[in-house]
Amino acid sequence: MLEQINIHPITFISALSMALELTTSGIANHHRRTAIIARFIGRHLGLGSYDDQILVYSALLHDIGAAADWYEKHYIVHATDNDHIFHHAEKGYQILKDSPQLNHLANPIRHHHDRFLGGNPTGLAGQDIPLASRIIHLADRIEVLIASGEHIFLQRERIFDQIRQSEHLFDPELVAVFREVSQREVFWLDVVNLNIESRFFSDLAFWDKYTFEIDDLIHVANVFSSVVDSTSHYTAAHSQNVAKVAQEMALIRGFSSDEAKQMYLTGLVHDLGKLAVPNEILNKPGKLTTEEREIVKQHPYYSQRILERVEGFGHIANWIGTHHETLDGHGYPFQLQEREIELCSRILAVADIFSALVEDRPYRAGMNPPDALAVLREMALQQKVDTRLVDDVADNLDALAAQVSKFRT
Ligand SMILES: [Fe+2]
Ligand SMILES: [Fe+2]
Ligand SMILES: [Fe+2]
């Protein structure tokens, strides 16, 4: 099992930021690039270390309020100046405001589309809008204006002109800073250089004032699991249910309470990669087409690739990436053989299936626990899941079923 995890927040937040970028065909770069642009501007302004951190963390998560809704995700990239743009900013604020670790990012995110000259639902204007929000607003727009397929140096003037033409949106002092920063080639080259990321984040590693311990990680993971679960009302509490069932199953197997807590954390983030699956597919009442099924099947891959970036998360990422493997060797995405599938991954698989069976789905109502157990028994006979764990479920059916609820707690 794992040693106690103490990690630097930037490693966890930058990984989670990547989860906001998932599309059906891979990982986009909007948040990372917005953070790089914002930091150039922030450094030019001489922000102190604390403000610098708030700026970068907020930029990395600024569109969290749109991550669960594909219409919104699409909309915010194309809309420029329209009242609907404030919706995801407010939602981001609501998602973060009660998190002990992330609540200081809630306000900067709430105002990241506020127009400098006013007319905002938040009622703020000018210098009253938090500085981090004003910087992110500008950085976000610059990022969206970058076109792929044309050399970045040939775009500089066009981008600057477009920003200048929307002067009611942006703080004129920041636009002047952007003008200055954008004279330097390094600014543009860094912004479009996909390989700059590790350097960007290692530059931030000196922000080591506090570390996240397991309970902090659980709090942050809880925020993200709520975003994942809200992609469909059928899964409103799924990640949390899987977390609770997996933790309970780990205790039944004799894990220590710390080890079981890691199973809880694992359950919370096991479906992070589902942000790559459009809402219509997750909510589809009937059978999925082959193509839709392939899109759903990418999710453990992305969950793993995102979380393995977090130092100390190798094991957790591995269990998550293998939660759809089956003992007969026909699971996905690795098609592992029985001996290669770890116990924690098997527990997660059974917790996932059991929770999903008891929850409602678009194509059926939730099953009662004995029926769910019968399905698991059949799956064990077919070498899909571990018989020992299904026996554990049978012996503790009521206690495990009690962990599954319709709503998040
Ligand atoms: Fe936004
Ligand atoms: Fe954005
Ligand atoms: Fe899954």
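## A tyrosine pair in helix 4

In this predicted model, Tyr75 has a relative accessibility of 16%, and because the cut-off for a buried residue is under 20%, Tyr75 counts as buried. Tyr71, by contrast, is exposed, with a relative accessible area of 51%. Both tyrosines belong to helix 4, which covers residues 70-78, and they sit four residues apart, or about one turn of the helix. An α-helix has 3.6 residues a turn, so residues three or four places apart point the same way.

The structure holds nine aromatic pairs. In one of them, the ring centres of Tyr71 and Tyr75 are 5.8 Å apart and the ring planes meet at 35°, so this pair is described as tilted.

## Other aromatic contacts

Phe200 and Phe201 also form an aromatic pair, with 5.2 Å from centre to centre and 70° between the planes, an arrangement that is edge-to-face. Phe200 is buried at 8% relative accessibility, and Phe201, with a relative accessible area of 13%, is buried as well. Elsewhere, one aromatic cluster is made up of Phe40, Phe160, Phe178, Phe187 and Trp188.

Two rings have a charged side chain over the face: Lys73 lies over Trp70, at 4.1 Å from the ring centre, while Arg156 lies over Phe153, at 5.3 Å from the ring centre.

## Helix 3 and its surroundings

Helix 3 runs over residues 49-61 and has 13 residues, reaching 18 Å from its first C-alpha to its last, which is close to the 18 Å expected at 1.5 Å a residue. Ten of these 13 residues are buried, so helix 3 is largely enclosed by the rest of the structure. Among the buried residues are Asp52, Gln53, Ile54 and Leu55, together with Tyr57 and Leu61.

Which helices do the buried residues of helix 3 pack against? Their partners are helix 1 (9-19), helix 2 (30-44), helix 6 (106-110), helix 7 (131-145), helix 11 (197-203) and helix 12 (214-229).

## The iron ion written as ligand 2

The iron ion (ligand 2) has protein donors from His30 (NE2), His62 (NE2), Asp63 (OD) and Asp140 (OD), which lie 2.0 to 2.2 Å from the ion. Along the sequence, these donor residues follow the spacing H-x31-H-D-x76-D, and two of them, His62 and Asp63, are both buried. The angles among the four donor atoms run from 83 to 171°, and the site of this iron ion is irregular.

## The iron ion written as ligand 1

The iron ion (ligand 1) is held by protein donors from Asp63 (OD), His88 (NE2), His112 (NE2) and His113 (NE2), at 2.1 to 2.3 Å from the ion. The sequence spacing of these donor residues is D-x24-H-x23-H-H. With angles of 82 to 173° among the four donor atoms, the site of the iron ion (ligand 1) is irregular.

Which residue bridges the iron ion (ligand 1) and the iron ion (ligand 2)? The bridging residue is Asp63, and the two ions lie 3.6 Å apart. Asp63 lies in the loop between helix 3 and helix 4, whereas His88 lies in helix 5 (residues 86-96), so this pair of donors ties together parts that are 25 residues apart in sequence. Asp63 is buried, with a relative accessible area of 6%, and His88 also counts as buried, at 0% relative accessibility.

Note on methods: Residues are numbered from 1 along each chain as its sequence is written. Chains are lettered from A and ligands numbered from 1 in the order in which they are written. This is a predicted model: local features need pLDDT of at least 70, side-chain atom pairs count only at pLDDT 80 or more; totals for chains, interfaces and linings use all residues. Side-chain values use heavy atoms; hydrogens and water are left out. Donors are N, O and S atoms within 2.8 Å of the metal (3.2 Å for Na, K and Ca); water is not among the atoms, so sites may look incomplete. Four donors count as tetrahedral if all angles lie between 85 and 135 degrees; four count as square planar and six as octahedral if opposite donors are over 155 degrees apart and all others between 65 and 115; anything else is irregular. Buried means under 20% relative accessible area, exposed over 50%, partly exposed in between (1.4 Å probe, protein chains only). Rings of Phe, Tyr and Trp (its six-membered ring) pair if their centres lie within 6.5 Å; planes under 30 degrees apart count as stacked, over 60 as edge-to-face and the rest as tilted. Helices (H or I, at least four residues) and strands (E, at least two) are DSSP runs, numbered from the N terminus. A charge sits over a ring if NZ of Lys or CZ of Arg is within 6 Å of the ring centre and within 35 degrees of the ring normal. The expected span of a helix is 1.5 Å times one less than its number of residues. Contact means heavy atoms within 4.5 Å.
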